[in-house]
Amino acid sequence: STRERGEQLLDLLKESLQEVKVKEGKVNSYLGMRIVDTDTHLEADMTAYVRDCVEWSGVSGTAKTPADGQLFEVEESGERLSATAQERYHTGTAKLLYLAKRCRPDVLTAVSFLCARVVAATPHDELKLNRVFRYLNGTADQVMKYSKGSNAMELYAFIDAGYGVHHTGESRSGLVITVNGTPVLCKSMRQRIVTKSSTEAELVALSDGLTDVLWAREFLMSAGHDLPATKIGEDNKSVLAMLEERRFGTARTKHISVRYFFICDRIAKGELEMEHMPTKDQLADIMSKGLMGHQFSVLQPRLHGEHSK
């Protein structure tokens, strides 16, 4: 039973640790998160932390999304923040990063970019920071939901790229790994190289994201779960055709070809299976660009386990 497995785990922990504290009950807290055990699922939220952050920020009003379409724009010649404003910016991004990495993946893309601007923040960046706080002001009660009642472990990964979204030409990779429909790992990363097409950008996103996918597979398998090939949701049909037909143009540069053959190798070994994912259902879309409007409102609940693929 679940209780017996819990007791076995506790015994193992006590053997290797000096002290083990146990909290029981339907409602518990951990690292700022409130965890609620219901009949059908587990809920995790940081509502109190969010409200404290919004109060600290001093902002008022709300925003429908944490960022707009100009999220990645940079004012190269813009004036820098004053020392006081710079300190506030630094503290604010740190607070948001702590939140985004735990219960609020919907703000992760914006926060990831804002963190990269800490050393050269401008008033324009400060406006973007304040927008995230306004968004949180209107969504403080958002929770993550983890379904219960299944011993199966369905591992799935959504991977996407926002082509050339950065002002210096780099694309952005988005990754969402789900277990039984609820995201357990989300990443939004600036690609380290400039690619010449959206297809190349998607290949870079795939090869980089697969490192985390393969780690997740190994973790679950080491825990005793027998996993089939992990499905990867990809919305670029050119990439899917290229991988299926093992068709790769010789004109492509070496750093792209190595990534391509890495992906093909993992597919051939039966570890991965590519699957077409329509853009409207591509959960990683929210991690690769400053998403707004209908698409954000559709994907945001799924990002918190409200409903899933």
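Helices α3 (residues 83–100) and α4 (residues 108–116) cross in a left-handed manner, the near helix being turned anticlockwise from the far one by less than a right angle. Their axes lie 9 Å apart and pack at an angle of about 145°; axes are lines fitted to C-alpha atoms over the stretch in contact, with angles running from 0 to 180 degrees between N-to-C directions. Helices here are DSSP runs (H or I, at least four residues), as strands are (E, at least two), numbered from the N terminus. The model is a predicted one, in which local features need pLDDT of at least 70 and side-chain atom pairs count only at pLDDT 80 or more, while totals for chains, interfaces and linings use all residues. Residues are numbered from 1 along each chain as its sequence is written, and side-chain values use heavy atoms, with hydrogens and water left out.

Where the two helices touch (heavy atoms within 4.5 Å), Y89, T93, L96, L97 and A100 of α3 meet L108, V111, L114 and C115 of α4. By class, this contact has eight nonpolar residues, one polar and no charged ones.

Helix α4 also has α5 (residues 123–138) as a partner: the axes come within 10 Å and cross at roughly 150°. That makes the pair roughly antiparallel, a label for angles over 145 degrees. This crossing, too, is left-handed. A110, F113 and L114 from α4 and D125, K128, L129 and V132 from α5 make the contact.

How much of α4 is buried? Seven of its nine residues are, so the helix is largely enclosed by the rest of the structure; buried means under 20% relative accessible area with a 1.4 Å probe, protein chains only. These residues are L108, T109, A110, V111, S112, F113 and L114, and they pack against α3, α5, β6, β7 and α9.

Turning to the interior, the largest nonpolar core has 47 residues, and L136 and V176 have the most contacts inside it. Such a core is a set of buried Ala, Val, Leu, Ile, Met, Phe, Trp, Tyr and Cys residues joined through side-chain atoms within 4.5 Å. Elements giving two or more residues to it include α3, α4, α5 and α10 (293–303). Leaving aside neighbours within four places in sequence, L136 is in contact with V50, V54, L96, L99, R104 and V107.

Helix α10 has Q295, F296, L299, Q300, P301, R302 and L303 buried, and their cover includes α5, β5 and α9. Just after α10, G305 takes a positive phi of about 80°.

Methods
Angles under 35 degrees count as roughly parallel, over 145 as roughly antiparallel, 65 to 115 as roughly perpendicular and the rest as oblique. Buried means under 20% relative accessible area, exposed over 50%, partly exposed in between (1.4 Å probe, protein chains only). Ala, Val, Leu, Ile, Met, Phe, Trp, Tyr, Cys and Pro count as nonpolar, Asp, Glu, Lys and Arg as charged, and the others, Gly among them, as polar.
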